[in-house]
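Thanks for making time this morning. I would like to walk through one model, starting from a single residue and working outwards, so please have the structure open.

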Amino acid sequence: METSSEHSHHVVDTGVNYWFLLLMALIVVAVTWLGIMNFTEGKKTEVAKANGEAWVTWLTEQGAARFEPDYKIEACKGGVKPSGDPAKSDAPVLGTWGACLDYIMKNTDLKDQNNTFFNKPPQLLEKCIPTDISTSGAIIIEDLMPTPPGSAIPFVGSQLVEADPIDYKMQLRVSVCDKGGYAIKVAEFEF
Amino acid sequence: MERSKDQFLKNLDVHALLGQEEKEANIPKNLPMRKWLYAWLLDPNIEGNYQKSLDKWISLLIIANLFSLVFEHVPAVFEPNQLWFEIFDIFSVVVFTIEYLLRFYLAPEDEEFKSRTHSRFAYIRSPFAIIDFFAIAPFYLKLLGLDLDLRVLRFLRLLRIMKLFRIIIPAIAEFKELNKGRTFRQKVHALVFPSPFGGTAQVIFEVFIAVWVLLSVLSVILESVHSISYVLNMQFVVLDAVAVGIFTIEYAMRIYSCVEEPGFKGAIAGRFKQAKTPSTFIDFLAILPFFLEVFLHHLIDLRFLRVFRLARLLKLTRGNDATVTLFRVIKREWPMISSAAFIMMLLVVLTASLGYLFEHEAQAEKFDNIPNSIYWAVITLASVGYGDISPVTPIGRAMTTVMALVGIGIFAIPAALLASAFSDELAKERDALKANLFAILKDGHIDEEESIVIRREAKRLHLTIEEVNALIETVIKEHELEERNPWPVHKIAEKPELAVEHFKTLLGQIRQLGVHTDKAEFERLAGDRHRLTEYELDLWHKIQNKSS
């Protein structure tokens with residue numbers, strides 16, 4: 001006759017291993033949590049891109065009209081030569097990017113933008129710096145200067161600084177810095 | 001008996017043995033239309049009909065619908081291609097409607113419904129039919145002008161995915177049946193590792209992982225395209241998280257259940273051994289960048305890690321024996337390859353030094369030092385020849401001409417070594433299969449386990465039916481040869497089945513001896529001077545059916 005101890009050798013545990021299922025659940029929770037973290041960071045980059053796009057929209061709209069005689073915004077009007085030496089003047093000089101930027105930051109919706117990486121208005125920087133994450137969410141506006149015919153690259157970009165004259169049709173590029181401090185090109189357009 | 005063995009080998013159906021049997025459905029042409037249609041299109045019990053193909057194509061269309069639904073949520077993709085999305089939607093609905101109507105029409109032939117009073121009504125009420133109906137209903141409701149909320153419509157269309165249950169549910173049932181009475185860990189093992197207990201569910205699991213690998217790699221590649229990543233950035237983030245979730249669960253399942261694999265016993269040692277295998281290490285590399293990037297991105301720039309997500313593609317090499325063979329060949333030929341690499345390195349350094357010596361004065365900006373000249377030397381010796389740096393002095397050009405010719409030979413050595421070693425390895429593996437076949441076919445029959453071995457080996461070595469046939473021919477010839485030169489007793493003793501056969505043959509021979517010899521004289525001689533012991537003589541009598 002088979003004893004109970006002999007019988008127990010033949011019993012196969014076909015039940016569910018709850019420890020393993022718990023581990024699986026933990027993995028799902030951990031990956032979901034990390035995924036949400038990534039998603040939140042990604043959203044911040046999306047907001048930075050939206051900020052850049054708003055600059056592109058405003059500048060493109062003005063670029064199409066600022067050489068018209070009845071253009072209203074004097075600070076950004078095309079064809080106006082700088083009225084003084086920006087280096088010697090404390091106030092923004094008409095005909096320069098400084099005057100136009102001053103107008104933008106005082107009178108348009110662009111002044112209310114938020115850099116969600118730091119919850120403060122986005123900076124206008126010369127370039128994104130991958131080693132410096134404080135540049136995350138910053139906006140880069142570059143003036144694209146055409147290179148001589150035959151050059152390997154058609155344009156050379158340089159930061160648009162306040163003293164730069166804006167009396168001519170300009171080719172601009174707007175980029176934003178992502179969470180790692182890398183530049184994301186938003187658009188190239190005429191201003 | 002030997003003759004019947006050879007007859008067995010000659011009549012062996014290799015197509016059936018390799019599981020590549022192309023069975024033609026045996027469906028009579030004079031069947032009534034409905035029965036005939038059901039037999040060809042929907043009957044799962046008839047081998048060789050179109051039921052499996054139909055299921056496969058419908059499944060692919062459902063998966064394509066899933067992708068279409070996802071991309072409909074991406075305005076940048078959806079808006080310019082709206083027309084194509086609509087055409088695809090109409091096409092899908094037409095196919096699904098035809099399928100629904102077909103199943104409705106053929107319901108009286110279906111085993112599940114034919115016994116019911118109203119078989120078609122029973123079909124309509126069945127869960128699969130309800131899913132099928134909801135998969136197409138939103139389209140017709142919209143067509144009828146019913147003002148449904150777009151989100152409700154999309155949700156209803158999402159139900160199309162549930163049509164996949166037509167394949168998944170039978171696979172689960174088969175898996176349960178195959179794993180009846182087995183432990184939970186054994187079941188997980190059967191799902192994750194190829195084994196006789198996996199069935200269709202294991203294939204579905206592998207296909208599922210492969211689809212996610214391809215999706216994930218495709219997203220890594222597309223992320224590098226600015227115009228795409230700019231628009232689909234968030235979708236890529238979500239996709240990566242889901243892919244990592246799936247791959248992490250798969251990794252945990254492998255590590256948990258690997259102890260069921262032969263050679264991986266031991267809760268810790270076995271799992272550690274499994275974690276160290278190349279394929280599992282690749283699985284680990286596939287998920288590592290995600291976790292590192294999440295945890296460490298504030299400390300260091302880990303953007304470069306994203307490229308390592310492409311390592312996920314290596315997951316597809318799991319189960320690919322050609323990759324294993326290639327690694328084995330490299331490992332085996334490593335001393336030769338490293339010698340060739342050393343000679344290559346010497347040649348590169350020599351060429352670079354001579355280039356620097358002869359060209360430095362003429363082109364100081366290009367050949368400014370030996371390390372910079374190494375770039376030129378490699379490009380020249382490997383026959384790439386970009387032409388951005390080239391010699392201008394006569395002696396420099398003469399030296400380059402000689403070195404470039406030498407380089408062709410030296411740089412080709414590792415490739416030639418690998419090619420010949422790979423070919424040798426394949427020949428060796430085929431010889432091993434031949435030996436295996438010889439042993440398997442020797443006893444004149446092939447059991448289920450042996451046919452699995454043959455099928456697996458033939459698949460691994462990519463052998464065609466003709467090649468397996470040729471191997472069997474060789475085995476038959478060698479078998480005939482062996483008949484003339486029988487095996488030594490210790491070889492026969494290694495296989496109990498052979499030993500039994502040999503024993504029977506020996507008994508037969510002793511009986512034949514008894515029939516043909518002079519029995520009286522035999523007994524006299526056997527008893528004379530005790531040539532045979534009493535026991536031996538008794539045994540002789542027993543064999544001759546003359547018990548003393």
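I209(B) sits in helix 12 of chain B, where helices (H or I, at least four residues) and strands (E, at least two) are DSSP runs numbered from the N terminus. Because I209(B) has 19 C-beta neighbours inside 10 Å, it counts as partly exposed; on this scale a residue is buried if 20 or more other C-beta atoms lie within 10 Å of its own, exposed if 12 or fewer, and partly exposed in between, with C-beta atoms placed from the backbone. The C-alpha atoms of I209(B) and K315(B) are 8.9 Å apart, although the two residues are separated by 106 residues along the chain.

Before going on, I should say that this is a predicted model, in which local features need pLDDT of at least 70 and side-chain atom pairs count only at pLDDT 80 or more, while totals for chains, interfaces and linings use all residues. Residues are numbered from 1 along each chain as its sequence is written, and chains are lettered from A and ligands numbered from 1 in the order in which they are written.

As for confidence, the model scores ipTM 0.80 and pTM 0.68. Chain B has a mean pLDDT of 82, with 88% of its residues at 70 or more, pLDDT being the predictor's confidence in each residue, from 0 to 100. Among the elements of chain B, the lowest mean pLDDT, 56, belongs to helix 1 (residues 2–10), and the highest, 92, to helix 11 (residues 184–192).

Chain B has 25 helices and 0 strands, and of its 548 residues 18% are buried. What, then, does helix 12 of chain B, residues 199–223, pack against? Helix 10 of chain B (residues 165–178) packs with helix 12 at an angle of about 125 degrees, the axes being 6 Å apart; axes here are lines fitted to C-alpha atoms, for helices over the stretch in contact, and angles run from 0 to 180 degrees between N-to-C directions. That angle makes the two helices oblique, since under 35 degrees counts as roughly parallel, over 145 as roughly antiparallel, 65 to 115 as roughly perpendicular and the rest as oblique. Residues of helix 10 including I168(B), I172(B) and F175(B) meet a set in helix 12 that includes G199(B), A201(B) and I204(B), a contact being C-beta atoms, placed from the backbone, within 7 Å.

Turning to the other chain, 26 residues of chain A are in contact with 22 residues of chain B. Helix 2 of chain A gives the most to the side that touches chain B, with 14 residues.

The largest nonpolar core has 24 residues, and among those touching the most other members are C100(A), I139(A) and V174(A); such a core is a set of buried Ala, Val, Leu, Ile, Met, Phe, Trp, Tyr and Cys residues joined through C-beta atoms within 7 Å. Helix 3 of chain A gives the most to this core, with 5 residues. A second, separate core of 13 residues includes V31(A), V217(B), A241(B) and A243(B).

Finally, is helix 24 of chain B (residues 519–527) buried or in the open? Of its 9 residues the number buried is 0, so helix 24 lies largely in the open. R529(B), which follows helix 24, has a positive phi, near 50 degrees.

How values were computed
Two residues are in contact if their C-beta atoms, placed from the backbone, lie within 7 Å.
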